Each structure stands twice: as structure tokens, then as C-alpha cells.
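User: I would like a close look at one part of this structure. Please start there and then work outwards.

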Amino acid sequence: MVLKAELHCHIEGAASPALVEAQARKYGVDISSFIRNGAYYWHDFTSFLLAYDRAASLFRSPEDYALLAESYLTELAAQGAIYSEFLTSPDHAERAGLSPQAYTEALGEGMARAKAATGIESRMIVTGVRHFGPEAIEKAARFAASCGHPLVTGFGVAGDERIGHPRDFVRAFATAREAGLGVTIHAGEFGGADSVAAALDHIHPSRIGHGVRAIESLDLVRRIADEGVVLEACPVSNVVLRVFPDFARHPFPQLRAAGCRVTLNSDDPPHFHTSLAREYAVAAEHFGLGDAALAAITRTAIEAAFMDEKTRAVLLARLAREEKAA
Ligand code: ADE
Ligand code: ZN
């Protein structure tokens, strides 16, 4: 099995319907508006974000979040993943009544349990939510910069890209960067090439969440390749959310052929009926990647990960051993 690594999965979006159903029973909440027949139910990006918020609202205690991180990471390890960097949202925790600090520590506890059981390494990227506005994003950045949790290694912005502009987030990203955090921002999903260019111009991230609509400008594709910016591609998410009509028209192969550093990610796996393993399978089936190319994708993810150099060296050595044995 090709070893895998993931850089872009929203932890609240990773909650399986079965886990959300158990949480709903625990708190006596009716979830029939967004889960039906054991599956998430929504019809466009806006209603997806609403379903995401409703599922998140059912994680309220430290143990709820520890279980969420443990379940996601244990399942990911079973798919052959050696590393996960997942996106956290202190805003969602606060809305559910838990402090950002307690939330982050609880997720850390789940990460420790999963690592003890499976060996999987993981880190957290604290995110601000774009449609909650620049002040909420600055608050999230201040939390990320000051929380002191050793597994918080990045800061990012997720949410509705159709709202706001990267120039509004400059201060938040400066706060994160000054604290030594890696930075990534969602762009080029529901915004086009201009949105990606604005993110690069104003935020200077080493990675872009999605970024795939950069394909609308060949100059921008060249810039991404030249600057070595890593794209956190989430092909199944893009097709399910109708960013592209089908895999045949997804630009992953073109971006890769143009020299862009691309990775494979599951985004919000149960919402999109995907998993990291399925993303790799889609890349094999629809984008023509063989095992060596898939292993190179994993290597790119580890190279671009927001982690200490010692852990990176250990994981890269593990990949090299695996490739030699293959
Ligand atoms: N939050 C959770 N999933 C997201 C996505 N696909 N795009 C933007 N924000 C998100
Ligand atoms: Zn995302």
C-alpha cells in the first residue's frame, strides 16, 4: 500500500454521520434536517456549510472532541496515512460552549490516543472562518499565536471565499507568522484565479487550500510553479460541490504537469463520500497516477507540512524505505 499523508481536513467536517447521530442522542437533538438515512444531506455550498455548522454544534465537551480527533485519525491510519494536518475552528468550539484552549487540548488528547494506537503523526492548523469576518479571524490568529500547544503548528482561513478579501486578513496572518506558525489560506475553490492571486499577493502563504481554479490563468499557474507554492487539492470535494463537473475536467493533472506542487486531501470526507484513500484512488483512476507518482505526492505533503524538522526527517526516511521496498 502506498503510504499517504493529508494536509487539509476540517476536523468538524470529518465527523461521521454515525458519530454525529451518537452525539445527537447524547444531547437530545433532532438532526433530521441535515442527516438522512445515515448520510449528510445538503444541496449546495451554502447548505453544506450549514450542515457542517449543525454537526459541529453537537461536539460540546472535551471528551466529545477527543473522540472526534481519535476516530478520524485512527480511521486515517487504517487507510495507510502516516501524517495528518487537520484544520481546527475555535469559533465552532466557542459556539458549542467550549473555550478554544479546552477544545485544542481535547483534540490534542485524541491525537495522542490515535498516535499511541497506530503511530500516526498529526498537527493542528487553527483556522478563522472567512464569513465570520476579519475580527473573528484576528481573534483566531491571536489564539493560535498564544495557545502554546505544541501540536498547533499552523494558521489558516477557511469558510466562504465569496465573502471578504485577503487584504482584510493581513494583520491576522502577520500575528500567526510572528509566532512561528505556518500559513495557508483557502482560495481558488469558490473564487477564481483573481482570488488565488490576491491570496498570494496579500498573504504570501507557502500553501493554498484548494487553489485549483488557478488553472483559469496560465500566468498564475506559472507563478505557483515558480514560487513552489503547494496546492492542497481536494478533488472529490470539488466534484461533489460542483466546482468542476467531473474528474475528467478537474485540473489536477494539468497543474501537476505545469510543475505545481500538488497534494491530495479529503477536506470534509463523510460530507463528500470520500476518504484520503479514495482521493488517492481517484488520482490513480482518473488522473493516471501510478504508485511512484502517488508516493511522490505523499512526499510533497510531508515536505510542505508544518512540522519540526526532526519529525519531518523521520517521516521522509520512512517514505524512502517504503519506496525502496516497493
Ligand atoms: N469549511 C469546511 N469545508 C470547507 C470548504 N470546502 N471550503 C471552505 N470552507 C470550508
Ligand atoms: Zn477546506
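How do the residues that line the second largest pocket divide into nonpolar, polar and charged?

Analyst: Seven are nonpolar, none is polar and three are charged. (Ala, Val, Leu, Ile, Met, Phe, Trp, Tyr, Cys and Pro count as nonpolar, Asp, Glu, Lys and Arg as charged, and the others, Gly among them, as polar.) This is a predicted model: local features need pLDDT of at least 70 and side-chain atom pairs pLDDT 80 or more, while totals for chains, interfaces and linings use all residues. Residues are numbered from 1 along each chain as written, chains are lettered from A and ligands numbered from 1 in written order, and side-chain values use heavy atoms, without hydrogens or water.

The second largest pocket holds about 200 Å³, counted as the space filled by probe spheres set on the grid points. A pocket is an open set of points on a 1 Å grid, with protein on both sides within 12 Å along at least five of seven lines; a cavity is a set where a 1.4 Å probe fits but cannot get out; lining residues have an atom within 4 Å of a point. Met1, Val2 and Leu3 are part of this pocket's lining. So are Asp291, Ala292 and Ala295. Leu319, Glu322, Glu323 and Ala326 complete the list. At least two lining residues come from helix H13 (291–304), and at least two from helix H14 (309–325). Helices are DSSP runs of H or I with at least four residues, strands runs of E with at least two.

Now the largest pocket. Its volume is about 260 Å³. It has 17 lining residues, and Ala14, Ser16, Tyr72, Glu75 and Pro269 are the closest to its centre. Helix H3 (residues 62–78) gives the largest share of that lining, with five residues. By class, nine residues are nonpolar, six polar and two charged.

Next, the enclosed space. One cavity of 30 Å³ or more turns up in the whole structure. About 210 Å³ lies in the largest cavity. Its lining has 22 residues, with His10, Leu49, Tyr52, Ala158 and Gly159 nearest the centre. Helix H2 (45–56), E4 and E5 each contribute at least two of them. H2 provides the largest share, five residues. Here the classes are eight nonpolar, nine polar and five charged.

Ligand 1 has His10, Tyr52, Ala158 and Gly159 among its surrounding residues; these have a heavy atom within 4 Å of the molecule. Also around ligand 1 are Phe45, Phe48, His186, Glu189, His210, Asp267 and Asp268. A ligand nitrogen is 2.7 Å from a side-chain N or O atom of Asp268. For Asp267 such a distance is 2.8 Å. For His10 it is 3.5 Å.

Two strands deserve a closer look. Thr88 sits in strand E4 (residues 81–88). It counts as buried because its relative accessibility is 1%, where buried means under 20% (1.4 Å probe, protein chains only). Beyond four places in sequence, Thr88 contacts Ile11, Tyr103, Leu107, Met124, Ile125, Val126 and Thr127; contact means heavy atoms within 4.5 Å. Glu121 belongs to strand E5 (residues 121–129). Glu121 is buried too, at 13%. Outside four places in sequence, Glu121 touches Ile82, Tyr83, Ser84, Lys115, Thr311 and Leu315.

Last, Thr104 in helix H5 (residues 100–118). Thr104 is buried at 2%. Away from its neighbours within four places in sequence, it contacts Met124, Phe143, His149 and Val152. Its C-alpha lies 8.6 Å from that of Tyr65, 39 residues away along the chain.

Conventions
Buried means under 20% relative accessible area, exposed over 50%, partly exposed in between (1.4 Å probe, protein chains only). A polar contact is a pair of N or O atoms within 3.5 Å; within protein, one must be able to donate a hydrogen and the other to accept it, and residues adjacent in sequence count only if both atoms are side-chain atoms.
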